[in-house]
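Here are my notes on the model you sent over, point by point. Have the structure open next to you while you read.

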Amino acid sequence: MVTFYDDDLPVEGTKHNKALYLTVKCEDSAVTRALVDNGSSANICPLSTLDKLKIDHDRIHKNNVCIRGFDGGVTDTVGNIMLELTIGSVEFTMEFQVLDVAVSYNLLLGRPWIHAAKAVSSSLHQMVKFEWDRQDVMLHGEDTACTVGGAIVPFVETDGDKGSWVYQIYDTVLVNKIPDGKSIPLPRVASATVMIVSEMLSNGFVPGKGLGAEL
């Protein structure tokens, strides 16, 4: 059982409104500002982070996924990519959706990573806890840059403060793009639905008038 205690609270106690950022190792570099967000159904990697890591864009696989924020706005992904991560002392190979957008994080660790690690995060306590290979793993939110596993590796940081970013909740949406000049296919109606509607109309159903006593 994963439990958080008052002793786990940061120095300022409950008087903060900080998001939970970790410093993780991605490929061969330590990456700061990896946002842990259990409201996101996808792991997100901005294209700018791949450029900072000098990861070839050829590794990005094109897909038909869109990312939708809780405000309803939809953004096409560049594609998806598999990245090697070391979080704490544990290694993960995770799929990330790549977005060409300006955001306040270098990576976003959503539910795919949280569930794979069976992790429990607390932004209040600025901590992530999970069990791996019968060992308890505890990760603290970052205050200042720190080494990852004692290794000396290049650091990837954000390009300054990009403002107050609220729309961090993401959902993935599969889309079928219609080529120019092609008509949009009509939705299929189940035969059972057609039968029920036909029966209702034959028994005197009038749209907008309710079912009536005989139906």
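1. Burial and surface. Of the 215 residues in the protein, 36% are buried. Keep in mind that this is a predicted model. The exposed area comes to about 13,600 Å², and carbon and sulfur atoms supply 52% of that.

2. Overall make-up. I get 3 helices and 13 strands for the protein. Among contacts with a separation of 6 or more, 65% are between residues 24 or more positions apart.

3. The main core. Which residues touch the most other members of the largest nonpolar core? Trp113 and Phe130 do, in a core of 32 residues. Strand β7 (residues 90–99) gives the most to this core, with 5 residues. There is also a second, separate core of 10 residues, and Tyr21, Ala42, Ile44 and Ile67 are among its members.

4. Around Phe130. Leaving out residues up to four places away in sequence, phenylalanine 130 touches a long list of residues, including Ile87, Val90, Phe92 and Trp113. Also on that list are Ala117, Lys118, Ala119, Gln135, Asp136, Val137 and Leu139. If you want one residue to click on while looking at the main core, I'd pick Phe130, given that Phe130 and Trp113 touch the most other core members.

5. The N-terminal segment. Valine 2 sits in the segment before β1 (21–26). Its C-alpha is 7.1 Å from that of phenylalanine 130, although 128 residues separate the two along the chain. Not counting residues up to four places away in sequence, valine 2 touches Val120 and Lys129. Is valine 2 buried, partly exposed or exposed? With a relative accessible area of 37%, valine 2 is partly exposed.

6. Two hairpins in a row. Strand β9 (residues 120–122) and strand β10 (residues 127–132) pair antiparallel over 3 bridges, with serine 122 opposite methionine 127. Their hairpin has 4 residues between the strands, and glutamine 126 in the turn takes a positive phi of about 55°. β10 also pairs antiparallel with strand β11 (residues 135–140), this time over 6 bridges. There, lysine 129 stands opposite methionine 138. The β10 and β11 hairpin has 2 residues between its strands, and aspartate 133 in the turn has a positive phi of about 55°.

7. Strand β1 and its partners. β1 is mostly covered, with 5 of its 6 residues buried. On one pairing, 5 bridges join β1 to strand β2 (residues 29–36) in the antiparallel sense. On another, β1 pairs antiparallel with strand β6 (residues 79–87) over 2 bridges. Lysine 25 takes part in both: lysine 25 stands opposite alanine 30 in β2 and opposite threonine 86 in β6.

8. Backbone angles to look at. Glutamate 27 is not a glycine, yet has a positive phi of about 60°. Glutamate 27 lies in the loop between β1 and β2, where the hairpin has 2 residues between the strands. At 23% relative accessible area, glutamate 27 is partly exposed. Lysine 54 is another non-glycine with a positive phi of about 60°, found in the loop between α1 (47–52) and β4 (65–69). Lysine 54 counts as exposed, at 75% relative accessibility.

9. Cysteines. How many disulfides are there? The count comes to 0. Cysteine 26 is in no disulfide, and the nearest cysteine sulfur, that of cysteine 45, is 6.5 Å away. Why no bond for cysteine 45? Because its sulfur is 6.5 Å from the closest cysteine sulfur, in cysteine 26, which is too far for a bond. Both cysteines are covered: cysteine 26 is buried at 0% relative accessible area, and cysteine 45 is buried at 0% as well.

10. Helix α3. The helix spans residues 191–202, 12 residues in total. From first C-alpha to last, α3 reaches 17 Å, close to the 16 Å expected at 1.5 Å a residue. After α3 comes glycine 204, with a positive phi near 95°.

Conventions
Residues are numbered from 1 along each chain as its sequence is written. This is a predicted model: local features need pLDDT of at least 70, side-chain atom pairs count only at pLDDT 80 or more; totals for chains, interfaces and linings use all residues. Side-chain values use heavy atoms; hydrogens and water are left out. The expected span of a helix is 1.5 Å times one less than its number of residues. Buried means under 20% relative accessible area, exposed over 50%, partly exposed in between (1.4 Å probe, protein chains only). Contact means heavy atoms within 4.5 Å. Accessible areas come from the Shrake-Rupley method with a 1.4 Å probe; for residues, only the protein chains shown count as cover. A nonpolar core is a set of buried Ala, Val, Leu, Ile, Met, Phe, Trp, Tyr and Cys residues joined through side-chain atoms within 4.5 Å. Two strands pair if DSSP finds at least two bridges between them. A disulfide is a pair of cysteine sulfur atoms within 2.5 Å.
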